[in-house]
Every structure is written in C-alpha cells, then in structure tokens.
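Biologist: Please take one part of this model and go through it closely, residue by residue where possible. I would then like to see how the rest of the chain is arranged around that part.

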Amino acid sequence: MIDPNAVPMRTLSNGRKIPCIGMGTFGSDRYGAQEVSEAVAGAIRCGYRLFDCASVYGNEALIGEVFAQAFAEAVVKREELFIISKVWNDMHGKGDVLLSCAKTLRDLQVDYLDAYFVHWPFANYHAPGCGGDSRSPDAKPFSTEDFMTVWRQMERLYDLGLVRNLGMSNMTIPKLEAVLPLCRVRPTLLEMELHPAFQQPRLYDYCVGHGIQPVGFCPIGSPNRPARDKADGDIVDIALPQVEAAAKAHGIHPALVCLKWAVQRGQIPIPFSVHEKNYTGNLQCVTEDPLTEEEMEQIRKADQNCRLVKGQVFLWPGATDWHALWDEQGMIAR
Ligand SMILES: NC(=O)c1ccc[n+]([C@@H]2O[C@H](COP(=O)([O-])OP(=O)(O)OC[C@H]3O[C@@H](n4cnc5c(N)ncnc54)[C@H](OP(=O)(O)O)[C@@H]3O)[C@@H](O)[C@H]2O)c1
C-alpha cells in the first residue's frame with residue numbers, strides 16, 4: 001500500500017486537483033473485464049486514486065461494481081477518486097453523447113465523473129478487437145461542425161454537474177486551433193500518446209500554453225498492444241539505451257524509468273497492468289528516487305517521433321494513409 005497522500009497532485013486550470021499518475025483500464029484485447037476490474041480493486045487498495053476508463057473498453061459495468069464495493073467498505077470515498085471516462089466514436093450524434101454518459105454513470109455506479117473525454121475527434125467506428133486492415137465505408141474526415149455537435153453536449157453535461165472536467169483525446173494542433181475558439185467550456189485535459197520514443201513536444205507545449213493538462217497514454221510504450229497497433233520499425237521504449245541506462249543506475253525496471261520521466265516532465269501517465277507487482281511498482285516509483293536532470297535530458301533526446309497507435313482503422317475512403325489522421329502538414333487533412 002502506498003499512501004495516496006505521498007503521490008503528488010497537479011492542479012488543473014479550473015483549480016481542481018488530479019493525481020500525477022493513474023491507472024489505465026484498456027485490456028488491450030488480451031484481458032477481459034473480470035481481470036481488469038480485479039486489477040482496479042487491487043489498485044484502489046494499493047493507493048491509486050485516478051482511473052482512466054472508457055465505454056469502448058467494455059468493462060465499465062464490472063469496474064462500477066468494484067467502485068461500489070470500495071465505497072461500501074470505506075476503502076475509499078467517492079470524492080477521493082478521480083474517474084475519467086470517454087464517449088466512443090459511435091455515439092457522436094445529437095443526444096447520443098448524453099445517452100452515452102448516462103450509461104457510463106450507471107455502469108460505473110457514480111453520479112458524476114471527474115472528467116469526460118471525446119475519445120477520438122470523429123465518428124469513425126471500428127469494432128472492438130478488429131484487425132489493422134479493418135475500414136468503415138462510412139468513415140469521414142474530421143469536421144469542425146460535427147465535433148462541435150459533440151462538444152455542445154459535453155458542455156451540457158458540464159452545466160448539469162454530471163462531469164467536472166471536459167477533455168479531448170487524439171487531437172492535433174490544427175484541430176485544436178479550429179475548435180478551441182468555439183468552446184464555451186474549454187477542455188482542462190487532453191489525452192495523447194506520450195512515451196520516451198514519442199514525446200510530441202509541439203502538441204505538449206501547445207496544451208501547456210493553453211492551460212490544458214496532458215495525460216499520456218501508452219506511457220511504457222504499450223509492449224502488449226493489440227496486433228493492429230504493431231508495425232515494422234516501431235521502437236521499443238523499454239529497450240532504448242537512455243532508458244536502460246537510467247534503469248541500471250537506479251536498479252529498477254525500464255518501465256519505471258518511463259513513468260518517472262513522464263511525471264517529472266509534467267504529463268499524467270496512465271500505465272496499465274493486471275499484475276499487482278507491476279501496478280504497485282508503477283505507483284510507488286513516482287514517490288521516490290527521481291531521475292537526475294542529466295537522465296531527463298538524455299531521455300528527452302531519445303525522442304524518435306515513433307507513434308504506436310496510428311489509428312489507421314479510422315481512415316475514410318480515399319485517405320492516403322494513417323499520417324492523414326494526424327495533420328502532419330500543419331492543416332486539417334480532408
Ligand atoms: N485515449 C486513447 O485513445 C488511448 C489509447 C490507448 C491507451 N489509452 C489508455 O492508456 C492506458 C495505458 O496504455 P497501454 O495499456 O496501451 O500501454 P502501457 O501502459 O504503456 O503498457 C502496458 C503494458 O506494460 C506492461 N507493464 C506495466 N507495468 C509494468 C512494469 N512495472 N514492468 C514491466 N511491464 C509493465 C504491462 O504488462 P503486464 O500486463 O504484463 O504487467 C502492459 O502490457 C490504457 O489502459 C488506456 O486506459 C488511451
């Protein structure tokens with residue numbers, strides 16, 4: 001058990017507090033809802049207070065049972081947890097975001113979320129567990145108008161007090177430039193892929209400069225990610241020489257170096273594991289023995305712009321390849 005008070009907190013732009021590290025709950029198509037929810041139960045006992053959930057992970061109902069039991073047994077109070085969930089791409093129509101949030105609240109057995117995210121910035125659907133070459137014939141490029149249809153519902157949920165922070169995920173600077181001026185309630189959090197080999201310095205700095213706290217997914221480089229997210233040439237973060245050198249110097253697993261680096265840089269990593277030894281170590285490592293400035297600098301230089309979750313299953317007919325999803329030319333790809 002790690003004392004949750006020993007885990008540093010960050011303050012969001014609206015003054016609300018959030019732990020500097022949380023636990024992911026995507027079973028990576030390997031672990032079912034039962035295993036993931038058991039890990040959440042263990043993680044609460046071990047001191048985690050932030051959980052990154054999503055309706056598409058297919059496990060919110062069982063995680064909700066775990067939360068309910070933890071509250072009933074006074075293991076933790078609701079107000080001590082920071083619970084994130086996300087609306088999935090097939091619920092972007094008028095009214096759908098409200099329905100999706102209602103289902104998540106019911107499944108998680110809570111009457112508010114600490115943060116609610118738009119999981120992907122378009123309605124392009126892929127079936128859970130699909131292969132990397134799966135495509136939807138109905139997929140469309142990003143549309144500011146369609147995104148704002150979603151965001152107006154997010155703002156409604158915020159107004160109702162059902163969600164306390166709004167967040168976006170898998171965004172780019174051009175898309176943020178298009179939508180931020182239109183937001184009445186601005187996002188305080190943005191979830192993005194962040195690990196030593198993929199540091200996204202421009203998007204990271206853009207978020208910080210706009211009062212948006214980055215949350216980093218795949219913080220360990222997601223070594224067991226689904227096959228659809230694996231490609232030739234992908235870098236293995238825990239085998240980077242700079243990460244291995246720091247691991248050796250501190251006598252720890254390279255995974256923990258990735259998490260220390262993430263927290264010391266300023267993002268909120270949300271590592272996933274169903275193994276008690278690993279998830280306990282992941283939380284503990286951010287409370288002790290920080291990386292040196294020199295180690296931080298060496299890892300900064302290890303960036304290789306290696307995106308792992310390329311998102312090609314969301315491509316629309318006629319799109320060139322997955323790079324189109326990330327507006328690499330500096331404007332929104334249509
Ligand atoms: N917004 C989005 O679009 C999006 C996309 C992807 C992910 N996410 C979120 O981000 C979370 C984390 O991403 P992820 O699970 O893909 O990647 P990750 O956290 O980088 O990697 C998880 C893997 O690392 C291993 N691991 C964890 N702790 C370890 C340790 N201490 N030592 C050695 N190995 C360790 C785990 O293996 P074992 O199971 O063997 O411990 C697991 O397979 C997800 O669960 C989800 O909540 C969000």
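Modeller: I will take the surroundings of Tyr-112 as the part to examine. Once neighbours within four places in sequence are set aside, Tyr-112 is in contact with Gly-161, Leu-162, Val-163 and Arg-164. The model is a predicted one. Tyr-112 sits in the loop that runs between α3 (96–108) and β6 (115–118). Is Tyr-112 buried or exposed? Neither word fits: there are 15 other C-beta atoms within 10 Å, so Tyr-112 is classed as partly exposed. A residue would need 20 or more such atoms to count as buried, and 12 or fewer to count as exposed. Tyr-112 also gives a sense of distance across the model, since its C-alpha atom is separated by 41 Å from that of Leu-240, with the two positions 128 residues apart along the chain.

From Leu-240 it is natural to go on to helix α7, which covers residues 241–250. The axes of α7 and α8 come within 8 Å and cross at roughly 100°. An angle from 65 to 115 degrees counts as roughly perpendicular, and α7 and α8 are therefore described that way. On the α7 side the contact is made by Val-243, Glu-244, Ala-246 and Ala-247, and on the α8 side by Pro-254, Val-257 and Cys-258. Sorted by class, the residues of this contact are 6 nonpolar, no polar and 1 charged.

Helix α8 (254–265) leads on to the ligand, because α8 and α9 (276–284) each supply at least two residues of the shell around the ligand. The largest share, 3 residues, comes from α9. In total, 31 residues surround the ligand, and the closest are Gly-24, Ile-220, Ser-222, Phe-272 and Ser-273. The make-up of this shell is 13 nonpolar, 15 polar and 3 charged residues.

Next comes a residue picked out by a record. The UniProt annotation "active site", from an unreviewed entry, covers Tyr-57. Tyr-57 lies in the loop between β4 (50–52) and α2 (60–72). Tyr-57 has 21 C-beta neighbours inside 10 Å and therefore counts as buried. Apart from neighbours within four places in sequence, Tyr-57 is in contact with Thr-25, Phe-26 and Gly-27.

Two further loop residues deserve a check of the backbone. Most residues other than glycine have a negative phi. Asn-170, which is not glycine, has a positive phi near 55°. Asn-170 is placed in the loop between β7 (166–169) and α5 (173–179), and counts as buried because it has 21 C-beta neighbours inside 10 Å. Cys-218 is not a glycine either, and its phi is positive at about 55°. Cys-218 belongs to the loop between β9 (213–217) and α7. With 25 C-beta neighbours inside 10 Å, Cys-218 is also buried.

As for the overall frame, UniProt places the feature "domain: NADP-dependent oxidoreductase" at residues 20–303, again in an unreviewed entry. Over residues 20–303 the chain is 39% helix and 11% strand. The C-alpha atoms at the two ends of that range are 22 Å apart.

How values were computed. Residues numbered from 1 in each chain as written. Predicted model: local features only at pLDDT ≥ 70, side-chain atom pairs only at ≥ 80, totals over all residues. Near = placed C-beta within 6 Å. Helix = DSSP H or I, 4+ residues; strand = E, 2+ residues; numbered from the N terminus. Nonpolar A, V, L, I, M, F, W, Y, C, P; charged D, E, K, R; others polar. Axes fitted to C-alpha atoms, helices over the stretch in contact; angles between N-to-C directions. Parallel < 35°, antiparallel > 145°, perpendicular 65-115°, else oblique. Contact = placed C-beta atoms within 7 Å. UniProt positions renumbered as here; feature names shortened; annotations may be inferred.
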